[in-house]
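User: Please go through the helices and aromatic contacts of this structure with me.
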Amino acid sequence: MSKSVCTKTNFIKYLLVVLLIVSGKASAQQLENSEKANISYQLKWSERTALSILNQYPNAWQLDGNDKPKWDYKMGFVLSGFEKLYQKTNHKKYLNYIKDYVDEMIDSTGNIKKYDLKEYNIDCLNPGKLLFNLYDITKDARYLKITGQLRNQLETQPRTPGGGFWHKQIYPDQMWIDGLYMAEPFYTQFTVKYEKGKSLDDIARQFELAQNNITDKNTGLVYQAWDESKVIGWANKQTGTSPTIWGRGIGWYMMALVETLDYFPKSHPKYKVLIGYLNLIAKNVNEYKSPEGLWYQVADKPQLFGNYVEPSASGMIIYAFAKGADRGYLPSAYKRTAQKSFDSFVKEFVKVDNKGEITILNVSSNVGLGGKPFRDGTNDYYLTAKTKENGAIGIGAFLLSAIELNK
């Protein structure tokens, strides 16, 4: 064989080897991309939901359509589900998603970016719940420092004359029902872990004020807010409550109770009081579910024109029922109710695309009271609030309920 023919033959062999290597790498990359893009239908709803979130929102601050990083209660809510899923599966990708968010939101010296104590925004405490486990796992002193800073906010948080935390500095003398979820589980975990439970009476007091002043005497359900001074435009002049019994507000209240009870010592005299509050609201809200087992945007008026079953309210209540029954706070029958309602939730609100990714439909947008322009809190205000796909509270509630039900 001539030298030139031999050289050509060797070159062709070399080229074939290179092509095989490149082809192999390409195939491996395609397989990796395919595995990343497609979510197995064999997985539980909880992991399918978490993986959908990871694919659709690579950074947790992007949840709810945010266009820039923000220390936000909605991110804290969804990521609390990731924390529970990590504890259940030990998959590091769930822990890393939490850690990446927190690290994006804090600086090297251990301060939350753009956090202003003077706003006294009680919503800021909710993401703080993520810091307990992060510190225990990493021993990063920044996490412990921020946990202490958030706890210190409560030391000077303005209070109503009766002792209830204002929701924000700009809402004088107002307790909002969602504020109980934002503050009390964090407050309870902190005082038990680091303060030998010195603030447990104060925590129980917050729930007592809500039970006595935000609860409707006829239905046993809770309004969104209460102005102890009764001066704000939305307040009932006799009771101080806002006008509407909001489904998601009931969910916030029930979740606040079950998550606070996780840390509240059974030996404390107020433990049974909190258990009583949970059983009472559970019994009452169970009377207002739809025939399919879901809950309405305006919770006490299912026949109201334009009213609809709403996923965030339904998911929260399902989660609270399941968790309450699992922990023994509620009778076991609530677990069966939660399971049936979960199945209805999937049929009503869950859309799955051809890649297996999950979307939660028809989630009510965020609503509030007062402010500029003034939000009057009427039934119509809640019913005309826009709905959207994958609202963070809706997808977070579904994730939590799926984890609790092992679905």
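The questions below cover two helices, the nonpolar core and some aromatic pairs.

User: What end-to-end distance should helix α8 span, and what does the model give?
Analyst: This is a predicted model. Helix α8 covers residues 200-213, which is 14 residues. At 1.5 Å a residue the expected span is 20 Å, and the end C-alpha atoms agree, lying apart by 20 Å.

User: How many residues of α9 are buried?
Analyst: Helix α9 has 15 residues and reaches 22 Å from its first C-alpha to its last. The helix is mostly covered, and the number of its residues that are buried is 15 of 15.

User: Which residues does Ile250 touch, leaving out those up to four places away in sequence?
Analyst: The largest nonpolar core has 129 residues, and Ile250 is among the five that touch the most other members. With residues up to four places away not counted, its contacts are Leu221, Val222, Ile245, Ile281, Val285, Ala299 and Ile317.

User: How is the aromatic pair of Phe132 and Tyr194 arranged?
Analyst: The structure holds 22 aromatic pairs. In this one the ring centres are 6.4 Å apart and the planes differ by 20 degrees. Planes under 30 degrees apart count as stacked, so the pair of Phe132 and Tyr194 is stacked.

User: Is Tyr194 buried or partly exposed?
Analyst: Its partner Phe132 is buried, at 1% relative accessibility. Tyr194 has a relative accessible area of 34%, so Tyr194 is partly exposed.

User: What is the arrangement of the rings of Trp246 and Tyr382?
Analyst: Both Trp246 and Tyr382 are buried. Their ring centres are 5.8 Å apart. The planes stand at 40 degrees, so the pair is tilted.

How values were computed: Residues numbered from 1 in each chain as written. Predicted model: local features only at pLDDT ≥ 70, side-chain atom pairs only at ≥ 80, totals over all residues. Heavy atoms only, no water. Helix = DSSP H or I, 4+ residues; strand = E, 2+ residues; numbered from the N terminus. Expected span 1.5 Å × (residues − 1). Buried < 20%, exposed > 50% of the residue type's maximum accessible area, 1.4 Å probe, protein only. Core = buried A, V, L, I, M, F, W, Y, C linked by side-chain atoms within 4.5 Å. Contact = heavy atoms within 4.5 Å. Phe/Tyr/Trp six-rings, centres within 6.5 Å; stacked < 30°, edge-to-face > 60°.
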